[in-house]
Amino acid sequence: MSYEYAENLLNRRGICLESIADIVYQLQQKYYPHLTKEECMDSVKAVLQKREVQYTLFTGIALDELAEKKLLPEPLQAIMEADEPLYGVDETLALGITSVYGMIGLTSFGYLDKEKTGMIEQLNQKGNGIHVFLDDLVAGLAAAASSRIAHRSLHAKHYPTPLDA
């Protein structure tokens with residue numbers, strides 16, 4: 001139930017899982033030339049299956065929506081409307097998603113946060129709606145799904161251990 005709700009919530013906010021999978025593909029394709037978009041989509045769905053990821057999405061999206069309705073107390077309302085660069089809570093929340101698959105998720109998130117790739121750029125443009133959290137949550141999902149692919153790669157180098165002897 002929570003997975004479906006999380007996917008529907010993203011869809012309601014204009015995010016389809018395919019757009020996140022496209023970002024994952026861009027991140028990993030040069031390392032895995034045989035990577036398919038289907039594998040990227042599977043990875044996005046696997047990340048979205050995690051309950052802690054779902055709860056993080058529910059929280060961040062709720063705050064964006066409350067800000068759009070002007071229901072947050074000041075000064076939080078003004079901070080959200082301005083997308084204050086020093087706020088940082090949005091990135092902190094998204095880092096919870098990236099940590100699900102280790103440090104590579106953190107570095108991928110940092111890259112996406114700076115480069116604003118694909119759907120992340122569209123969300124970051126302050127046109128329609130408040131997406132203080134959503135742009136970072138999408139980056140967190142893409143970074144975690146990308147990390148999941150890297151961790152599961154059959155082509156990862158194997159280093160001998162004493163158990164191999």
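## Helices around the second largest pocket

In this predicted model, the lining of the second largest pocket draws at least two residues from each of three helices, namely H2 (17-28), H7 (103-115) and H9 (134-152). Of these contributions, that of H7 is the largest share of the lining, at 5 residues.

## Volume and lining of the pocket

The second largest pocket holds about 260 Å³ of space, and 15 residues line it, with Leu 27, Gln 28, Lys 30, Tyr 31 and Tyr 111 lying closest to its centre. When the lining of this pocket is sorted by class, 8 residues are nonpolar and 6 are polar, while 1 is charged.

## Packing of H2 against H9

Two of the helices that contribute to the lining, H2 and H9, also pack against each other, with their axes 9 Å apart and at an angle of about 50 degrees. H2 is therefore oblique to H9, since an angle that is neither under 35 degrees, nor over 145, nor from 65 to 115 falls into the oblique class. The crossing in which H2 passes H9 is right-handed.

On the H2 side, the contact is made by Ile 20, Ile 23, Val 24, Leu 27 and Gln 28, which meet Val 138, Leu 141, Ala 142, Ala 145, Ser 146, Ile 149 and Ala 150 of H9. Taken by class, the residues of this contact comprise 10 nonpolar and 2 polar ones, with no charged residue. Leu 27 and Gln 28, which take part in the contact with H9, are also among the residues closest to the centre of the second largest pocket.

Key. Residues numbered from 1 in each chain as written. Predicted model: local features only at pLDDT ≥ 70, side-chain atom pairs only at ≥ 80, totals over all residues. Heavy atoms only, no water. 1 Å grid on protein atoms, 1.4 Å probe; cavity = no way out; pocket = protein on both sides within 12 Å on 5 of 7 lines; lining within 4 Å. Points joined across faces, edges and corners; volume = space filled by probe spheres on them. Helix = DSSP H or I, 4+ residues; strand = E, 2+ residues; numbered from the N terminus. Nonpolar A, V, L, I, M, F, W, Y, C, P; charged D, E, K, R; others polar. Axes fitted to C-alpha atoms, helices over the stretch in contact; angles between N-to-C directions. Left-handed = near helix turned anticlockwise from the far one by under 90°. Contact = heavy atoms within 4.5 Å.
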